[in-house]
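Work through these exercises on the chain shown below. Each task is followed by a worked solution.

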Amino acid sequence: MNPAGHLAVGYLVARADRASLRPVWVGMFLPDLIDKPLLLVGYTPYGRSIGHSLFFWCVMAVLWMVAYAWRFTRARTFAALLVGGLSHLAVDLADDAVMGLERSGYAFSAWMGWPWTNPDMWSVRVPKLFAPDSAATTSLELLVLLACAIVLVRARPQ
């Protein structure tokens, strides 16, 4: 999903969870803030690796549990960051499926299994509805942006 879609999902998640918006947004962008620079410097050939892996987020969840058990004062903030990061993975997974059906023909790849799997190791092919276009925004992202706009308009003071 594009940054605008992640912003919108982060806003909707924070609003639904009554969490602070900043840590949810940090969590929403953390996978990309970790993985995209690694791609740019050539450390990995994929834009989704360490930060997009379930392993990384399981480690983060264990750290949150330790912080919570020790009554760390920022445990709630850390939980909001965790919610944002896991939401990022869920949204990317859903958006990949929609992009596969609409444009790419690949509805799933194994990016979330890093370091044991990578996107080239396993993928599900599906028939695509439209011509391939890697820069296209999916209908899912457009719906998320529309939902966020509706929530923002309804939340505006009268």
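**Exercise 1.** State how Asp-32 and Lys-36 are placed relative to each other in helix H2.

Solution. Start with the element: helix H2 covers residues 21–40. Asp-32 and Lys-36 both lie in helix H2, four residues apart. That spacing puts about one helical turn between them. Next, check the side chains. They meet in a salt bridge, with 3.7 Å from N to O. The cut-off is 4 Å, so the pair qualifies. This model is predicted, and side-chain atom pairs count only at pLDDT 80 or more.

**Exercise 2.** Classify Asp-32 and Lys-36 as buried, partly exposed or exposed.

Solution. Take the cut-offs: buried is under 20% relative accessible area, and exposed is over 50%. Asp-32 has 15%, so Asp-32 is buried. Lys-36 has 34%, so Lys-36 is partly exposed.

**Exercise 3.** Find the salt-bridge partners of Arg-48 and locate each one.

Solution. Take Asp-92. The closest N and O atoms of Asp-92 and Arg-48 are 3.6 Å apart, in a salt bridge. Asp-92 lies in helix H4 (residues 75–104). Arg-48 sits in the loop between H2 and helix H3 (54–69). The pair therefore ties together parts that are 44 residues apart in sequence. Both Asp-92 and Arg-48 are buried.

Now take Asp-96. Asp-96 forms a salt bridge with Arg-48 as well, the closest N and O atoms being 2.5 Å apart. Asp-96 is in helix H4, and the pair links distant parts of the chain, 48 residues apart. Asp-96 is buried, like Arg-48.

Combine the pairs: Arg-48, Asp-92 and Asp-96 are linked in a network of salt bridges. The whole structure holds three salt bridges.

**Exercise 4.** Write down the order of secondary-structure elements from the N terminus.

Solution. Count the elements: five helices and two strands. From the N terminus, the order reads α-α-α-α-β-β-α.

**Exercise 5.** Test the radius of gyration of the chain against that of a compact globule.

Solution. For 158 residues, a compact globule would have a radius of gyration near 15 Å. The chain has 17 Å, which agrees. The C-alpha trace spans about 50 × 45 × 25 Å along its principal axes. Then look at burial: 39% of the 158 residues count as buried. Finally, turn to contacts with a separation of 6 or more. Residues 24 or more positions apart account for 59% of them.

**Exercise 6.** Describe the surface and charges of the chain.

Solution. The accessible surface is about 9600 Å², and 68% of it belongs to carbon and sulfur atoms. The chain carries 13 positive and 10 negative charges. Their mean positions are 12 Å apart.

Technical notes: Residues are numbered from 1 along each chain as its sequence is written. This is a predicted model: local features need pLDDT of at least 70, side-chain atom pairs count only at pLDDT 80 or more; totals for chains, interfaces and linings use all residues. Side-chain values use heavy atoms; hydrogens and water are left out. The radius of gyration is taken over C-alpha atoms; the globule rule is 2.2 Å times the number of residues to the power 0.38. Buried means under 20% relative accessible area, exposed over 50%, partly exposed in between (1.4 Å probe, protein chains only). Contact means heavy atoms within 4.5 Å. Accessible areas come from the Shrake-Rupley method with a 1.4 Å probe; for residues, only the protein chains shown count as cover. Lys and Arg count as positive and Asp and Glu as negative; His and the chain ends are not counted. The place of a charge is taken as NZ of Lys, CZ of Arg, CG of Asp or CD of Glu. A salt bridge is a side-chain nitrogen of Lys or Arg within 4 Å of a carboxyl oxygen of Asp or Glu.
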